[in-house]
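Could we go through how some of the helices in this structure pack together? A few questions and answers should do it.

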Amino acid sequence: MNPHRLKAYILLLIVAVIWGIAGPVIKITLGKIPPDVFILYRFFISGVLAILFFSIKGIKLPKEKSTLIQLFVYCLLNSSISLGLLFWGTSKTSLLDMSLISLFGPLLLVTAGYFFLKDKITKREKTGTAVAFIGALVIGISPLINTSMGDGQIFGNILIFLSLLSGATCGILSKKLMRKDVSPALLANLSFVIGFFTILPFVFFVHSSSYILNSIYNIPTSAWLGIIYMAVVSGNIAYILNNMGQKTIELSEAAPFAYLYPIFSAILAVILLGDKLTTTIIVGSIITLTGVVIAETKKRRYT
């Protein structure tokens with residue numbers, strides 16, 4: 001296998017683990033802090049780390065005006081809009097519904113790559129993606145035996161779906177920008193800086209400054225751990241690794257890795273939350289892994 005492709009697969013696998021853990025972390029943390037304040041603190045921490053990164057490595061912005069506009073739109077969608085919709089939606093729906101709806105994310109990426117980037121999708125990739133989707137769906141619907149959906153969750157589900165549309169748009173823009181030599185680290189770090197400054201006025205409009213400052217002292221340690229994880233690990237680190245992984249392969253190749261998120265979420269639930277590792281989850285995990293292997297096993301050579 002091409003070493004660059006192998007490196008991309010390893011990076012995307014690491015990201016799958018990180019973002020698979022992120023779902024339960026978001027849900028647990030949102031029970032202790034409002035979504036908008038959660039995002040503000042997350043962007044603040046990620047933004048500080050981004051500024052430190054830029055102070056050490058420097059910042060190389062594209063010179064073309066059109067590319068700069070694309071970069072700003074990407075950063076806005078990738079931070080305030082996508083994450084804002086995700087956190088807001090997650091606070092209003094169940095972790096199960098969030099997982100089920102998120103299964104459409106990779107399909108949106110593959111479709112967007114095919115139409116807007118002219119990605120070539122082989123029969124093997126189509127088959128593998130379909131198998132991975134079925135496996136992830138099996139994992140997602142397993143709790144339905146004991147869980148029912150309430151009418152109040154519909155709005156949250158819509159918000160999560162909109163966040164997926166925003167994420168698919170980000171996938172297209174990131175590929176176009178990286179083809180113009182915009183670095184993966186710049187895309188990730190600049191997103192959080194822009195995210196902080198765009199979400200800040202909204203949060204101060206909704207909450208008083210005293211509420212925001214006082215909430216710092218009232219947040220429990222467990223919530224701070226969730227914020228730090230989402231800011232540093234699931235934020236700066238994961239976004240850079242994800243961009244690096246997607247830079248050398250097509251979206252159709254990267255998308256199946258997103259189907260691994262439910263597997264790692266299930267493992268975390270078993271280890272930390274005491275959930276049962278059911279036969280359905282095991283079967284779904286095996287199907288998903290099989291689909292990813294099928295999609296990522298190449299018979300053709302890329303130039």
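What follows is a friendly exchange about helix packing in this predicted model.

Colleague: Happy to start with H2 and H8: are they parallel, antiparallel, perpendicular or oblique to each other?
Modeller: Helix H2 covers residues 35-57 and helix H8 residues 184-206, and their axes lie 8 Å apart at an angle of about 140°. Angles over 145 degrees would count as roughly antiparallel, and 65 to 115 as roughly perpendicular. The angle of H2 and H8 falls in neither range, so the word for this pair is oblique.

Colleague: Thanks! Which kind of residue, nonpolar, polar or charged, makes up most of the contact of H2 with H8?
Modeller: H2 passes H8 in a left-handed crossing. The residues of their contact divide into 2 charged, 4 polar and 19 nonpolar. The kind you asked for is nonpolar.

Colleague: And what is the span of H2 from its first C-alpha to its last?
Modeller: H2 has 23 residues, and at 1.5 Å a residue the expected value is 33 Å. The model comes close to that, with a span of 32 Å.

Colleague: Which residue follows H2?
Modeller: The residue after H2 has a positive phi, near 85°. That residue is Gly-58.

Colleague: Last one: which residues of H1 make the contact with H3?
Modeller: The axes of H1 (residues 3-30) and H3 (residues 65-92) come within 10 Å and cross at roughly 65°, so the two helices are roughly perpendicular. Their crossing is right-handed. On the H3 side, the contact is made by Leu-86, Phe-87, Thr-90 and Ser-91, and on the H1 side by Ile-26, Lys-27 and Leu-30.

Key: Residues are numbered from 1 along each chain as its sequence is written. This is a predicted model: local features need pLDDT of at least 70, side-chain atom pairs count only at pLDDT 80 or more; totals for chains, interfaces and linings use all residues. Side-chain values use heavy atoms; hydrogens and water are left out. Axes are lines fitted to C-alpha atoms, for helices over the stretch in contact, and angles run from 0 to 180 degrees between N-to-C directions. Helices (H or I, at least four residues) and strands (E, at least two) are DSSP runs, numbered from the N terminus. Angles under 35 degrees count as roughly parallel, over 145 as roughly antiparallel, 65 to 115 as roughly perpendicular and the rest as oblique. A crossing is left-handed if the near helix is turned anticlockwise from the far one by less than a right angle, and right-handed if clockwise. Ala, Val, Leu, Ile, Met, Phe, Trp, Tyr, Cys and Pro count as nonpolar, Asp, Glu, Lys and Arg as charged, and the others, Gly among them, as polar. The expected span of a helix is 1.5 Å times one less than its number of residues. Contact means heavy atoms within 4.5 Å.
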